[in-house]
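Thanks for asking me to look through this one with you. Here are my notes, as numbered points you can follow alongside the model.

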Amino acid sequence: MNRFFVISGCSGGGKSTLLDALAARGFAVVEEPGRRIVAEETAGDGKALPWVDMAAFARRAIAMAAADQAAVAESMRPVFFDRGLVDAAAALCHATGAAAPPDIVRQVRYNTTVFMTPPWPEIYRRDGERRHGLEDGIAEYERLMAFYPKLGYRPVELPKADVETRVRFVLQQIGFY
C-alpha cells in the first residue's frame, strides 16, 4: 500500500490542519477513527469512549481503520489517513498491557513512511473530543514513536512550521512536489 500515508503523532500537534490543507489540494483524506467514534458514542450509549473504556474504544478504532482502508483500496492516487490502524493497535496494547499487537496490523499495511506531528505546546488545545492534557499526548507520541518501527514503519517527524511548509515537506517526501 505504497500510496497510503499515515499522519500520526502527538494529539494537538496539527494533524487535522495539515490534512485539511492536503484535502484542499485535491488529495484524498480519511478522517481519524477516534474522532468519529467519540461522536458516535457521545450520541449513543457512550460505552466505548476512550475515557470510559479505552480497550473497547481501541477495538472499534481498529475495525474502523481496517474498513477505511478497504473503502479506498481502489484509489490510484495518494491517500492520507488521520491516524489509522497502527495507532489504534498501539492504544489497545497500552490499554490491555498486551505485548503483541493484533495480527491485523501485519495484514493491513500503509506506506512505510509515517509522518509524525511532534509535541507542540504552543498550538495544543483541548476540545470536546480531546479531553486529555498535553502530558498524555506526549506520552502517546513517545509510545507511537517506539511502536511504529517494531512493525516495520519509519516515522518521519514533521517540522514545527506553518501548514504550507508542512504540506511541501510531506509532498516532497512522497515525490509529489
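**Notes on the predicted model**

1. D87 and R83 are both buried. A salt bridge joins this pair, with the closest N and O atoms 2.8 Å apart. Do keep in mind throughout that this is a predicted model.

2. R83 has another acidic partner worth a look: its side chain also meets that of E32 in a salt bridge, at 3.5 Å from N to O. The two residues come from distant parts of the chain, 51 residues apart, with E32 in the loop between β2 (28-30) and α2 (33-43) and R83 in the loop between β3 (79-82) and α4. R83 counts as buried at 7% relative accessibility. E32 is buried too, with a relative accessible area of 14%.

3. It helps to view these charged residues together, since E32, R35, R83, D87 and E140 are linked in a network of salt bridges. For the whole model, the count comes to eight salt bridges.

4. Another salt bridge to inspect is that of R60 with E40, where the closest N and O atoms are 2.3 Å apart. R60 sits in helix α3 (residues 54-71) and E40 in helix α2, so this pair ties together parts that are 20 residues apart in sequence. Are these two buried or exposed? R60 is partly exposed, with a relative accessible area of 26%, and E40 also counts as partly exposed, at 42% relative accessibility.

5. Now to helix α6. Its 17 residues (134-150) should span 24 Å at 1.5 Å a residue, and the end C-alpha atoms are 25 Å apart, which agrees. The buried residues of α6 are L134, G137, Y141, L144, F147 and Y148. Viewed down the helix axis, these buried residues fall within an arc of 140 degrees, so they line one face of α6. An α-helix has 3.6 residues a turn, so residues three or four places apart point the same way.

6. What does the buried side of α6 pack against? Its buried residues pack against β1 (4-9), α4 (85-96), β4 (113-117) and β5 (154-157). On the face turned away from that side, α6 carries the exposed residues E135, E142 and K150. Just after the helix, G152 takes a positive phi of about 90 degrees.

7. The largest nonpolar core has 36 residues, and those touching the most other members are F81, L85, V86, Y110, F147, Y148 and Y153. At least two residues of this core come from each of β1, α2, α3, β3, α4, β4 and α6. For a closer view, try Y153: leaving aside neighbours within four places in sequence, Y153 is in contact with V86, V108, R109, Y110, N111, T112, V114 and Y148. A second, separate core of 15 residues includes F5, F80, V167 and L171.

8. On to the aromatic side chains, where a search of the whole structure finds seven aromatic pairs. The rings of F5 and F115 have their centres 6.4 Å apart and their planes at 40 degrees, so this pair is tilted. F5 belongs to strand β1 and F115 to strand β4, so the pair ties together parts that are 110 residues apart in sequence. F5 and F115 are both buried.

9. F27 and F176 pair with ring centres 5.6 Å apart and planes at 70 degrees, so the arrangement is edge-to-face. Because F27 lies in the loop between α1 (15-24) and β2, and F176 in the segment after α7 (163-173), this pair ties together parts that are 149 residues apart in sequence. F27 is buried, with a relative accessible area of 7%, whereas F176 is partly exposed at 40%. One aromatic cluster is formed by F5, F27, F80, F115 and F176.

10. A last residue to pick out is T117, which lies in strand β4. T117 is buried, with a relative accessible area of 0%. Which residues surround it, leaving aside its neighbours within four places in sequence? T117 is in contact with I7, S8, G9, C10, G13, G14, K15, Y141, L158 and R166. Among these, Y141 is one of the buried residues of α6.

Notes:
Residues numbered from 1 in each chain as written. Predicted model: local features only at pLDDT ≥ 70, side-chain atom pairs only at ≥ 80, totals over all residues. Heavy atoms only, no water. Helix = DSSP H or I, 4+ residues; strand = E, 2+ residues; numbered from the N terminus. Expected span 1.5 Å × (residues − 1). Buried < 20%, exposed > 50% of the residue type's maximum accessible area, 1.4 Å probe, protein only. Arc of directions from axis to C-beta. Contact = heavy atoms within 4.5 Å. Salt bridge = Lys/Arg side-chain N within 4 Å of Asp/Glu carboxyl O. Phe/Tyr/Trp six-rings, centres within 6.5 Å; stacked < 30°, edge-to-face > 60°. Core = buried A, V, L, I, M, F, W, Y, C linked by side-chain atoms within 4.5 Å.
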